[in-house]
Amino acid sequence: MADLSKYRNIGIFAHVDAGKTTSTERILKLTGKIHKTGEVHDGAATTDFMEQEQERGITIQSAATTCFWKDHRLNIIDTPGHVDFTVEVYRSLKVLDGGIGVFCGSGGVEPQSETNWRYANESEVARVIFVNKLDRLGADFYRVVEQVKKVLGAKPLVMTLPIGTEDDFVGVVDVLTKKAYVWDDSGLPENFEVQDVPADMVDDVDMYHEQLIETAVEQDDDLMMAYMEGETPSIEDIKRCIRKGTIALDFFPTYCGSAFKNKGVQLVLDAVVDYLPSPTEVDPQPLTDEAGEPTGEVATVSVDEPLRALAFKIMDDRFGALTFIRIYSGKLNKGDTILNSFTGKTERIGRMVEMHADDRNELSAAQAGDIIAVVGMKNVQTGHTLCDPKHPCTLEPMIFPDPVISIAVAPKDKGSTEKMGVAIGKMVAEDPSFVVETDEDSGETILKGMGELHLDIKVDILKRTYGVELDVGQPQVAYRETITQAIEDSYTHKKQSGGSGQFGKIDYRIRPNEPGVGFTFESTVVGGNVPKEFFPAIEKGFQSMMAEGPLAGFPMLDVHVELYDGGYHAVDSSAVAFEIAAKGAYRQSMPKAGPQLIEPIMKVDVFTPEDHVGDVIGDLNRRRGMIKDQEAGTTGVRIKADVPLAEMFGYIGHLRTMTSGRGQFSMEFSHYMPCPQQVAEAVIAAEKEKKAAKK
């Protein structure tokens with residue numbers, strides 16, 4: 001049996017362009033997994049194997065690979081940095097035990113790094129920090145360390161210091177051992193010498209060394225007492241303390257280097273082995289009941305426990321559907337029959353493979369701690385639990401964000417229609433943040449996603465991978481409706497026509513809910529005027545109508561309904577009669593409750609050179625943006641603003657024109673806000689026209 005203490009399941013995550021994929025390439029080269037390093041800008045990186053990734057130079061889906069370093073097995077997942085693919089990061093963090101947070105030496109802590117860091121905090125994943133690209137213009141290791149403290153509210157524990165800056169960056173000093181690692185100009189990672197600390201850095205290194213020891217010994221009271229009395233702890237003791245503090249998320253060991261120039265990556269690999277947890281050292285995953293409530297039990301990581309595994313990603317490739325699973329406990333052998341606790345169906349395990357990006361090695365068995373892929377599973381989706389049929393259980397499920405943007409697509413010819421159905425089915429299984437609906441009136445297919453880039457790439461995959469030619473409509477914003485006034489009303493539904501009739505009377509109050517709460521229902525009926533057994537029918541009636549608001553038919557958000565009285569008939573009242581009464585009440589009262597159109601507001605982060613700041617801010621104001629913050633860096637200014645999504649289509653083109661191609665931006669969904677009157681009127685008129693045209 002493999003030794004679980006020698007396993008490290010880690011992810012590499014960061015903002016776009018901080019150098020995650022390049023760092024992964026260097027790790028694979030150093031560990032002997034690949035012999036020639038591929039570069040992202042040449043479209044040759046191992047883990048970026050989709051055509052769309054190679055062309056655009058970005059990572060779109062997380063790729064898994066396995067390698068070995070100092071007798072330890074590293075299962076590595078390279079995740080995307082782009083905000084439109086956040087779901088890939090989120091689901092990868094869910095199954096990892098540790099991570100490497102990569103930050104750009106000149107860009108620092110960028111908006112997507114904040115989002116990913118927040119996800120990692122929620123998933124309680126221990127991390128080491130790698131400040132990359134120190135050979136770049138404007139790179140400043142000490143500034144990035146300050147940003148980690150200020151922006152992320154995290155505690156970096158500085159483990160290495162850079163020797164030289166920008167073009168003169170030649171190596172790093174290991175603060176713990178006080179040794180300098182200096183690379184030559186050959187660009188080969190193995191060509192380095194261990195030297196004494198450069199004379200001009202001795203004081204700095206001493207200061208950081210002292211901070212390091214003081215922080216580390218806080219993890220062990222005995223060591224701390226001895227240290228206060230003047231004893232110097234051994235390197236082994238300090239490492240043990242750093243490991244304990246890292247796993248407890250008390251601090252994050254922080255390294256520096258340049259992955260592209262092959263400098264400093266070995267020390268990060270050593271840190272993964274020395275300080276990040278093995279599968280048995282992290283809190284086990286909680287088990288839940290069918291409704292998703294925790295049962296108090298956990299999936300203990302052990303080979304001797306019954307099988308428990310989580311399917312965290314589905315990928316369709318040239319050999320069929322691959323289901324990526326993380327095994328938490330037990331063993332899995334080829335030919336085993338396992339239970340999917342979500343569907344209640346069993347499946348037989350045919351082929352199991354260990355993934356290396358898009359290559360694979362066949363496996364006959366896997367065990368707790370492994371991340372593997374199973375070929376050809378039928379009914380498994382992202383987030384499903386796979387377990388031993390004799391010991392059914394459910395692992396804590398994943399929650400995915402709602403899409404904020406949609407486009408209508410139509411196949412150009414008959415042949416594409418069937419192909420499109422099959423292709424979209426596969427794509428929806430792969431990506432839970434990609435939603436597809438059919439508009440019943442017009443027959444159009446509506447694709448919904450997390451942003452323009454997200455949908456752009458989905459359309460590209462349909463064209464290239466599946467050969468479906470599409471006509472693509474204009475992007476549409478996911479508007480919603482809500483109410484602004486409280487109202488008290490009454491509605492009676494009665495129908496009498498031969499035989500038994502229908503009767504249901506409800507007295508109710510409707511009021512706006514706090515933003516983000518959604519629909520809530522309560523009953524304060526006393527004295528049995530409406531029997532209890534009809535409450536669910538009344539709630540169902542109201543809830544089913546929330547999908548269509550009174551203004552333009554957009555879904556309703558944040559409404560509270562209180563049933564306070566009513567009346568029933570001993571013979572004619574039924575659940576159906578009360579459900580119909582609730583639907584009638586909705587139609588009668590919602591238009592009176594001050595309905596209002598609300599629109600998605602995006603958190604926008606723009607980076608621009610200093611001489612274009614005025615233009616960029618003026619342009620954001622014209623787009624109805626609210627400027628929140630401005631921060632000057634060495635290479636430019638960062639502007640944070642809240643801007644309605646409706647005003648952000650095609651923004652990247654405008655930004656590049658304004659800033660002579662040097663501006664960048666990222667955005668993510670923040671919240672819903674009321675639309676201004678003239679915008680609301682235009683949207684409502686357009687929706688009415690659409691409906692009229694369909695008739």
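In this predicted model, Trp-117 offers a convenient way into the fold: beyond its neighbours within four places in sequence, Trp-117 is in contact with Phe-13, Phe-103, Arg-127, Ile-129, Leu-152, Ala-154 and Phe-252. Trp-117 also belongs to the largest nonpolar core, a set of 69 residues, where it is one of the members that touch the most others, together with Ile-100, Phe-103, Phe-141, Leu-161, Ile-242 and Tyr-255. Helix H9, spanning residues 265–275, supplies the largest share of this core, with eight residues. Another core, of 44 residues, lies apart from it and includes Leu-453, Val-459, Leu-462 and Ile-639.

Helix packing is illustrated by H6 (residues 202–217) and H7 (residues 221–228), whose axes are 8 Å apart and meet at an angle of about 140°. Since angles over 145 degrees would count as roughly antiparallel, the two helices are therefore classed as oblique to each other. On the H6 side the contact is made by Glu-210, Ile-213, Glu-214 and Val-217, and on the H7 side by Leu-223, Met-224 and Tyr-227. Sorted by class, this contact has five nonpolar residues and two charged ones, with no polar residues.

The cysteines complete the picture. The structure holds zero disulfides. For Cys-387, the closest cysteine sulfur is that of Cys-393, at 4.5 Å, which is too far for a bond because a disulfide requires the two sulfur atoms to be within 2.5 Å. Cys-393 is likewise in no disulfide, its nearest cysteine sulfur being that of Cys-387. Both residues are nevertheless buried: Cys-387 has a relative accessible area of 0%, and Cys-393 has one of 10%.

Conventions. Residues are numbered from 1 along each chain as its sequence is written. This is a predicted model: local features need pLDDT of at least 70, side-chain atom pairs count only at pLDDT 80 or more; totals for chains, interfaces and linings use all residues. Side-chain values use heavy atoms; hydrogens and water are left out. Buried means under 20% relative accessible area, exposed over 50%, partly exposed in between (1.4 Å probe, protein chains only). A nonpolar core is a set of buried Ala, Val, Leu, Ile, Met, Phe, Trp, Tyr and Cys residues joined through side-chain atoms within 4.5 Å. Helices (H or I, at least four residues) and strands (E, at least two) are DSSP runs, numbered from the N terminus. Contact means heavy atoms within 4.5 Å. Axes are lines fitted to C-alpha atoms, for helices over the stretch in contact, and angles run from 0 to 180 degrees between N-to-C directions. Angles under 35 degrees count as roughly parallel, over 145 as roughly antiparallel, 65 to 115 as roughly perpendicular and the rest as oblique. Ala, Val, Leu, Ile, Met, Phe, Trp, Tyr, Cys and Pro count as nonpolar, Asp, Glu, Lys and Arg as charged, and the others, Gly among them, as polar.
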